[in-house]
Amino acid sequence: MTDIAPLRLGIAGLGTVGVGVVKIVRKHAKLIEERCGRPVTITAVAARNRAKDRGVDLSPYEWEDDPVALAARDDVDVYVELMGGSDGPAKASVEAAIAAGKHVVTANKALLAHHGQAIAEAAEAAGIVLRFEAAVAGGIPVIKALTEGLAGNEITRVMGVMNGTCNYILTRMQATRQGYDVLFDEAAKLGYLEADPQLDVGGIDAGHKLSLLSAIAFGTQVNFDAVELEGITRITLADIEQAADMGYRIKLLGVAQTTGRGLEQRMSPCLVPSNSPLGQLEGGTNMVVIEGDSVGQIVMRGAGAGEGPTASAVMGDVMDIARGITISTFGKPATKLAPAVPAKATVPAAFYLRMTLQDKPGALAKVAQVLGDAGVSINRMRQYGHDETVAPVIIVTHKCSRAAIDQALAGLGGTGVVAGEPVAIRIEAV
Ligand code: HSE
């Protein structure tokens, strides 16, 4: 079709995503060339196990055992890193690619969450493009939306459900009325969990993603250590059912916003209204909500993982490079990103409180007194059917600080009427 030199890829990592990229490069060769004005080809690939049958013919490509060698090959223009891991071969090979003047496309959220600032500075000093659309929310083009489409906005808040596995577990708990452990096992059987499941259910994977979005949205250096992290392991079926009864769903929700007190980044279970887009998000799907001063609220929903969706995001980056589009990794030069100053306190919110009360006269009055003393005002309250001695009670508060809730929780133990540990979950206004 054209004599323009192809853009030559070296792909490291031939798992689900790597194989997906190989398939798209082949299936859509003509479409890609037409859209980019030049062909995109694969020169060489690298993976741990050469003998493994991946269901795709890799014989047209050179094989490298060492991703660092692949990254530095003279006949590779773009190093596509799809191995994962915050350090080790992923980091070494990305650094090698930058040193060799190769563009980099990666799906590696852990690498960028931990080393994003140094890597972006190195990439920009070397005059190469480093893109990472596939690292956040799989097939949803959220990086592009923030860095390009919404570039003229002051971003006020970014929110999202960015771990499909957690959303699968939480929504299946509600649908099947089974506990966390049963649905964790189901997710494991379906192959949804990361090799280290704590990355999913501990909120770490989603926290990595949130820290990357924060950097772009607020022009700050990636600061994963400042993300307030809490996973979903303490969420019970009772919480899910009682939250639903009060008109809410429980989501592992990421929220990033700048407040007068600094940058707030949280990845934690939150209640959201059942009838909101976030509340209606079912199964292993992701949703990112972006709020900008001019655009208002944008909601993007799609597959957060899987071969096709994640490879689609990788190809979007590759094709930008083929088109000659250059853009700073985090939307503005890395050396101009401000240090992220963590907020000293989260913005006030309403809270859902669940506790089990001794069923005796005056018990509720004692609870109300503790809440009142902490400055926590009750908005709604419901008591559920009880056995002979205890009764589950749910309270939805008016907006208050997290510190006030913590003071109330600490005080409840001393009332002598609360059995077990009370639970508090933030209600996010969406
Ligand atoms: N484990 C992630 C999820 C996908 O469940 O959404 C990769 O980040």
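Tutor: Relative accessible area sorts residues into three classes: buried under 20%, exposed over 50%, and partly exposed in between (1.4 Å probe, protein chains only). This is a predicted model, in which local features need pLDDT of at least 70, side-chain atom pairs count only at pLDDT 80 or more, and totals for chains, interfaces and linings use all residues. Residues are numbered from 1 along each chain as its sequence is written, and side-chain values use heavy atoms, with hydrogens and water left out.

Student: How many salt bridges does the structure hold?

Tutor: Side chains of opposite charge can pair when their charged atoms come close. The cut-off is a side-chain nitrogen of Lys or Arg within 4 Å of a carboxyl oxygen of Asp or Glu. The structure holds 22 such pairs. One of them joins Glu307 to Lys23, with the closest N and O atoms 2.9 Å apart.

Student: Which helices do Glu307 and Lys23 lie in?

Tutor: Helices are DSSP runs (H or I, at least four residues), numbered from the N terminus. Glu307 belongs to helix 12 and Lys23 to helix 1 (residues 16–27), so their salt bridge ties together parts that are 284 residues apart in sequence.

Student: Are Glu307 and Lys23 buried or exposed?

Tutor: Neither word fits. Glu307 has a relative accessible area of 28%, which means that Glu307 is partly exposed. Lys23 is also partly exposed, at 35%.

Student: What separates Glu95 and Lys91 in helix 4?

Tutor: About one helical turn, because Glu95 and Lys91 are four residues apart in helix 4 (residues 88–99). Their side chains meet in a salt bridge with an N to O distance of 3.1 Å. Glu95 is partly exposed at 39% relative accessibility, and Lys91 is partly exposed at 23%.

Student: Where do Lys144 and Asp320 lie?

Tutor: Lys144 is in helix 6 (residues 142–149) and Asp320 in helix 12, so this pair ties together parts that are 176 residues apart in sequence. The two side chains form a salt bridge, 2.7 Å from N to O. Lys144 is partly exposed, with a relative accessible area of 24%, whereas Asp320 is buried at 3%.

Student: Which residues do salt bridges that share partners join into one network?

Tutor: Arg157, Glu264, Arg266, Glu291, Arg426 and Glu428 are joined in this way.

Student: Where is Ala368 found?

Tutor: Ala368 sits in helix 13 (residues 363–373). Its relative accessibility is 35%, so Ala368 counts as partly exposed. Ala408 is 40 residues from Ala368 along the chain, and the C-alpha atoms of the two are separated by 9.7 Å.

Notes. Helices (H or I, at least four residues) and strands (E, at least two) are DSSP runs, numbered from the N terminus.
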